[in-house]
Structure formats: structure tokens, C-alpha cells
Amino acid sequence: MTTTATRVRRVPRGFGRLLATETRLFARDRGSVFFALAFPALVLIGVGLVIPGMDTVITEPGPLQGYQTIVVMLPAVLATAMATPALTTLPVTLATYREQGILTRLSTTPMPPAGVLAVHLLIGVVAFVVAAAVAVALAAVVFGVPAPASLLVTVLGLVLGAVAIFAVGLVVASRAGKGSTAQALGMLLYFPMLFFAGLWTPRPIMPDGVAAVAAWTPLGAASQAIEEGWFTTEVPWQQLAVLVLYAIVGLLLARRLFHWR
């Protein structure tokens, strides 16, 4: 009973109401819903059907032998699906709240900064998980994407990767004073992250040195962890540890740097 009561007290008063309100606002914003839920599936299906060579079967010996090229692109596309709302939508939303004085009004309530950050982290990660499930289901039907070789490692890569990259987005959101500033900072991080995730140079053809550097970036580590889980039974300990580190440090830093005005 004591433990349960302590846990209840750790949840800020009004957290549920703020979560419900932000969820409704998210659902009403068609742009946010599109990028968070439909964008991954559209990118995956579009790349697979439009770009020449995506149906080419890999013949080189290795864990990817026998798969179509579009199947090999799946981890990079899922990593992109994490980064798009985390670095382009979330920081702009919170910075605009600050610019319009919404956070100033919220500061007069018992809700602490950690509660505000937790609400947006929760909405973003849950939306991504739903989007990833939709994209994978469609890819399985259209391209015959196989089931993950290790479901546990794949799920860990997806969830830890989402928390880590959203934590990076929250750091930007905690300091940016205007929506335009948040957008510029987010884009500054977004495109290099996509490169390290392998969106333009998939890991099988990525130079070893670049792949080694990518493994220490949040999106590169997420893409590699998902790939290992999907196509092998190996456990990518380094990539998973990197994601945990980015998640913890990012969330602590966001909480530390957050300001209402």
C-alpha cells in the first residue's frame, strides 16, 4: 500500500487532464497526425514502388541474402519515422506554446516542467509505435517483409530509439524561444541524423568508418539495432546501450534546461 501511494504521489496533479488535452490537440492537427502516423507507411510504400531497383534481390552472402532491397531499407525508414515528428514537429509545438504564452499560463498550475515534457514524450512515442505497426503491416502485404528474427531486440530498438530521439527533440524544445528557432535547430539535427540512419546509404553499402560513427548517434544506433533484431539473432549491446544513454541524458538535460518563458 505504501509503495502504491508513493507512486501515485509521484504523478503530478493534473497530469491525466493535460495528457487528454494534448492528445485531443494532437488529433485535431492534421499535419502532426500525418507526419506521425501516415508518413512512415507512405514513404516505405512510395520508395518501394517508385524508385527503380527496390525490387532487386540481394545475392551477396550474408544475413540479408535473398531479401529485396526495399526490405533492407525498412530499419532506415522506421528510424526516419521516429526523427520526423521528434525533431520537426515536437520542438516547434512546445516553442510556439512558449512564444504564445501558453507555457507561462501553465506555470501558474501545479504542473512541473517534467510533467509537460512527459506528456509530449508519451504522445510522441505511442504515435510512433502505432505508425510503425501500420507501416510494417502494409510492407508485409505489399513487399512480403518477413517477421523479425528476434522480436524482443526489434521492439527494444524501436522503443528505445523513439525515446532517445524524442529526448533530443525535447532538449531543443526546452530552450527554443520561438517556433521558427525550434524549426531551424530541429532541421539542423534532422538531416545529418537521416544520413547516419542509412536513409540514403543503407548500412550494407555504408563505409565501415561511417557505420562505426553512426552507431554512436541516436538514429544510427536505432536503425542498426532494428536491423540486427530483424535480420539476425545477434544482440546489438553497444547500440542498445547508446540509446539508453541518449534517452537518460536527453531527458535530464531537457528537464534542466526547460524554461516557461
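User: Why is Gly-179 called buried?
Analyst: Gly-179 has 8% relative accessibility. A residue is buried under 20% relative accessible area, exposed over 50%, and partly exposed in between (1.4 Å probe, protein chains only). The value of 8% falls under 20%, so Gly-179 counts as buried. Gly-179 belongs to helix α9, and its C-alpha is 12 Å from that of Gly-101, 78 residues away in sequence.

User: What do these values rest on?
Analyst: The model is predicted, so local features need pLDDT of at least 70 and side-chain atom pairs count only at pLDDT 80 or more, while totals for chains, interfaces and linings use all residues. Residues are numbered from 1 along each chain as its sequence is written, and side-chain values use heavy atoms, with hydrogens and water left out.

User: How do you know which helix has the lowest confidence and which the highest?
Analyst: By mean pLDDT, the predictor's confidence in each residue, from 0 to 100. Helix α1 (residues 2-10) is lowest with a mean of 53, and helix α12 (residues 237-257) is highest with 96. For the protein, the mean is 88, and 97% of the residues reach 70 or more.

User: What makes a stretch such as α12 a helix?
Analyst: Helices are DSSP runs of H or I with at least four residues, strands are runs of E with at least two, and both are numbered from the N terminus. Gln-239 lies in helix α12. The C-alpha atoms of Gln-239 and Ala-222 are 6.9 Å apart, with their positions 17 residues apart in sequence.

User: Is Gln-239 buried or exposed, and why?
Analyst: Buried, because its relative accessibility is 9%. Ile-226 in helix α11 is also buried, because its relative accessible area is 0%. The C-alpha of Ile-226 is 9.0 Å from that of Gly-161, which is 65 residues away along the chain.

User: Why does Val-141 get the label it has?
Analyst: Its relative accessibility is 70%, so Val-141 counts as exposed. Val-141 sits in helix α7 (residues 113-143). Between the C-alpha atoms of Val-141 and Arg-28 there are 30 Å, and 113 residues along the chain.

User: What makes Tyr-190 and Phe-191 an edge-to-face pair?
Analyst: Rings of Phe, Tyr and Trp (its six-membered ring) pair if their centres lie within 6.5 Å; planes under 30 degrees apart are stacked, over 60 edge-to-face, and the rest tilted. The structure has 3 aromatic pairs. For Tyr-190 and Phe-191 the centres are 5.2 Å apart and the planes at 70°, so both conditions for edge-to-face are met. Phe-195 and Phe-196 are another edge-to-face pair, because their centres are 5.4 Å apart and their planes at 65°.

User: Are the rings of Tyr-190 and Phe-191 buried or exposed as residues?
Analyst: Tyr-190 is buried at 8%, whereas Phe-191 is partly exposed at 43%. In the other pair, Phe-195 is partly exposed at 33%, and Phe-196 is partly exposed at 22%.

User: How do you know that Arg-98 lies over the face of Phe-258?
Analyst: A charge sits over a ring if NZ of Lys or CZ of Arg is within 6 Å of the ring centre and within 35 degrees of the ring normal. Arg-98 lies 5.5 Å from the ring centre of Phe-258 and over its face, so the pair fits the rule.

User: What makes a space in this model a cavity?
Analyst: On a 1 Å grid over the protein atoms alone, a cavity is a set of points where a 1.4 Å probe fits but cannot get out; lining residues have an atom within 4 Å of a point. Grid points are joined across faces, edges and corners, and a volume is the space filled by probe spheres set on the points. The count is 1 cavity of 30 Å³ or more. The largest cavity has a volume of about 80 Å³. It has 14 lining residues, and the closest to its centre are Ala-197, Gly-198, Arg-203, Ser-223 and Glu-227. Helices α5 (74-99), α9 (179-197) and α11 (218-231) each give two or more residues to this lining, with the largest share, 3 residues, from α11.

User: Why are residues 31-261 labelled "ABC transmembrane type-2"?
Analyst: The label comes from UniProt, in an unreviewed entry that lists this domain at residues 31-261. UniProt positions use the numbering used here, feature names are shortened, and annotations may be inferred rather than shown by experiment. In the model, the span is 74% helix and 0% strand, with its end C-alpha atoms 26 Å apart. The unreviewed entry also places "transmembrane region" at several spans, including 33-51 and 149-172. Residues 33-51 are 95% helix and 0% strand, with end C-alpha atoms 26 Å apart. Residues 149-172 are 92% helix and 0% strand, with end C-alpha atoms 35 Å apart.

Technical notes. 1 Å grid on protein atoms, 1.4 Å probe; cavity = no way out; pocket = protein on both sides within 12 Å on 5 of 7 lines; lining within 4 Å.
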